[in-house]
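Student: I should like to examine the terms used to describe a structure and the grounds on which each is applied. May we take them one at a time?

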Amino acid sequence: MATPMRVTGAWVQLLTDWLDIRQLPAPELRLLLDSRRNDEAVPLALWQALLARASLLAPDMPMPALEIGAQVRPRHAGVLGYLSLASRTLGDAMQCYQRYEQLVYGQQLVRVRTQGELVVMCWSAEASTGELADTVSIAALVSFLRRLLPEVSAVADVSFVFATPDQRVRAAYDAFFGCSVRFAASTTEVALPIEWLARRLPHSDPVVREQLDQQARALLLALPEADAFDRALQQALVRRLPEGEVALRLVAQDLHLSVRTLQRRLQQRDLSWRGLLDRTREQLAEQYLADAALQLGEVALLLGFSEQSAFNRAFRRWTGTTPARFRRSLRLG
């Protein structure tokens, strides 16, 4: 069964930032927003309801969702946002989005195609999150593009699957995106000149990008068909491992739980703390070893081992072989 579509707690903070910019008190809405941790999954239906409530706070605006999306910063997209920022070119950043979109929405939704002199990012009608949420997402995507390439003001084409709004709202869309936006389309699309893909990004950093790419891969691995607690637990481990601090107490603190509550939840899943830590490390180790660019010592560091020999012993205990032999077997296969 497919993972239900959702957004992250970091993503819904777009709405908090918009409330701050607009200086809107909205205490009940803020309470709902503040109750969500950045790494927590927020059901799509709740996100849609929050946006609908927020829109009522600005009756003078033709489409508040455009301004909400425009507040986007790298932190709202988590690792994906910072990874895009550190990419070498816009094409690299777009590849990151394709690869890791699931970290924000819980599903891989985007398709990319070339069409003459354009590159088109496309989402099917079935992937629509509704008028308000779709508008926030595409407005955020284009706003983030403008942050990556400040010289960009307009995109080549934008379309949405929802019904054509009234003239006042249509004008707001056209002004925001800098093109004549199409509605009631078969797919949601953003089209850019293909030559933009080669443009260098001002904040590119290959070292940081590689580190973030490893973390993003690990976070994808931590998105099984599981409930919100399982995902939050796996993600807390993934963040803690490279720091070498993966004590039960610290992970419980990250999850805003007592140690006793965390232990009880693990027991309910027939898991021990040591068993969970070993399972997570083994899964990540096999993924990291498949990446020839990583040295064995670097893999050990990413997994939170103080030295490579400790990693070697643990890997032999998990798999019956050494990391070096496992990597050679991947190459031979």
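Student: Which residues form a positive surface patch?

Tutor: In this predicted model, the positive surface patch is formed by Arg316, Arg325, Arg328 and Arg331. Helix α17, residues 323–332, supplies the largest share of the patch, three residues. Arg316 is found in helix α16, residues 308–319.

Student: What makes Arg316 eligible for a patch, and why is Arg316 called partly exposed?

Tutor: A patch residue needs over 30% relative accessible area and no salt bridge. The relative accessible area of Arg316 is 42%, so the area requirement is met. Partly exposed is the class between under 20% and over 50%, and Arg316 therefore belongs to that class.

Student: How many disulfides does the structure hold?

Tutor: The structure holds zero disulfides. Cys122 is in no disulfide, and the nearest cysteine sulfur, that of Cys179, is 15 Å away. Cys179 is likewise in no disulfide, its nearest cysteine sulfur being that of Cys122, 15 Å away. A disulfide requires two cysteine sulfur atoms within 2.5 Å, so this pair does not qualify.

Student: Why are Cys122 and Cys179 called buried?

Tutor: Buried means under 20% relative accessible area. Cys122 has 3% and Cys179 has 11%, so both names are justified.

Student: What is said of the phi of Gln23, and why is Gln23 called exposed?

Tutor: The phi of Gln23 is near 55 degrees, a positive value in a residue other than glycine. Gln23 is found in the loop between α1 (9–22) and α2 (27–34). Its relative accessible area is 69%; exposed means over 50%, so the term applies to Gln23.

Student: Where is Ala184 placed, and why is Ala184 called exposed?

Tutor: Ala184 is in the loop between α9 (167–177) and β6 (187–193). Its phi is positive, about 55 degrees, although Ala184 is not a glycine. With a relative accessible area of 53%, Ala184 is over the 50% limit and is therefore exposed.

Student: What makes the contact of Arg30 and Asp20 a salt bridge?

Tutor: The side chains of Arg30 and Asp20 meet at 2.8 Å, N to O. The limit is 4 Å from a side-chain nitrogen of Lys or Arg to a carboxyl oxygen of Asp or Glu, so the pair qualifies. Arg30 is in helix α2 and Asp20 in helix α1, 10 residues apart. The structure holds 14 salt bridges.

Student: Why are Arg217 and Asp213 separated by about one helical turn?

Tutor: Arg217 and Asp213 are four residues apart in helix α10, residues 206–221, which is why about one helical turn separates them. Their side chains meet in a salt bridge of 2.7 Å, N to O. Arg217 is partly exposed at 28%, whereas Asp213 is buried at 3%.

Student: How do you know that Arg240 and Asp254 tie together separate parts of the sequence?

Tutor: Arg240 forms a salt bridge with Asp254, the closest N and O atoms being 2.8 Å apart. Arg240 lies in helix α11 (residues 228–240) and Asp254 in helix α12 (residues 248–254), so the pair ties together parts that are 14 residues apart in sequence. At 11% relative accessible area Arg240 is buried, and at 23% Asp254 is partly exposed.

Student: Which residues do salt bridges with shared partners join into one network?

Tutor: That network consists of Arg113, Asp157, Arg182 and Glu189.

How values were computed
Residues numbered from 1 in each chain as written. Predicted model: local features only at pLDDT ≥ 70, side-chain atom pairs only at ≥ 80, totals over all residues. Heavy atoms only, no water. Patch = residues over 30% accessible without salt bridge, like charges linked within 9 Å, V, L, I, M, F, W, Y side chains within 5 Å. Areas by Shrake-Rupley, 256 points an atom, 1.4 Å probe, with all protein chains shown as cover. Lys, Arg positive; Asp, Glu negative; His and termini not counted. Charge placed at Lys NZ, Arg CZ, Asp CG, Glu CD. Helix = DSSP H or I, 4+ residues; strand = E, 2+ residues; numbered from the N terminus. Buried < 20%, exposed > 50% of the residue type's maximum accessible area, 1.4 Å probe, protein only.
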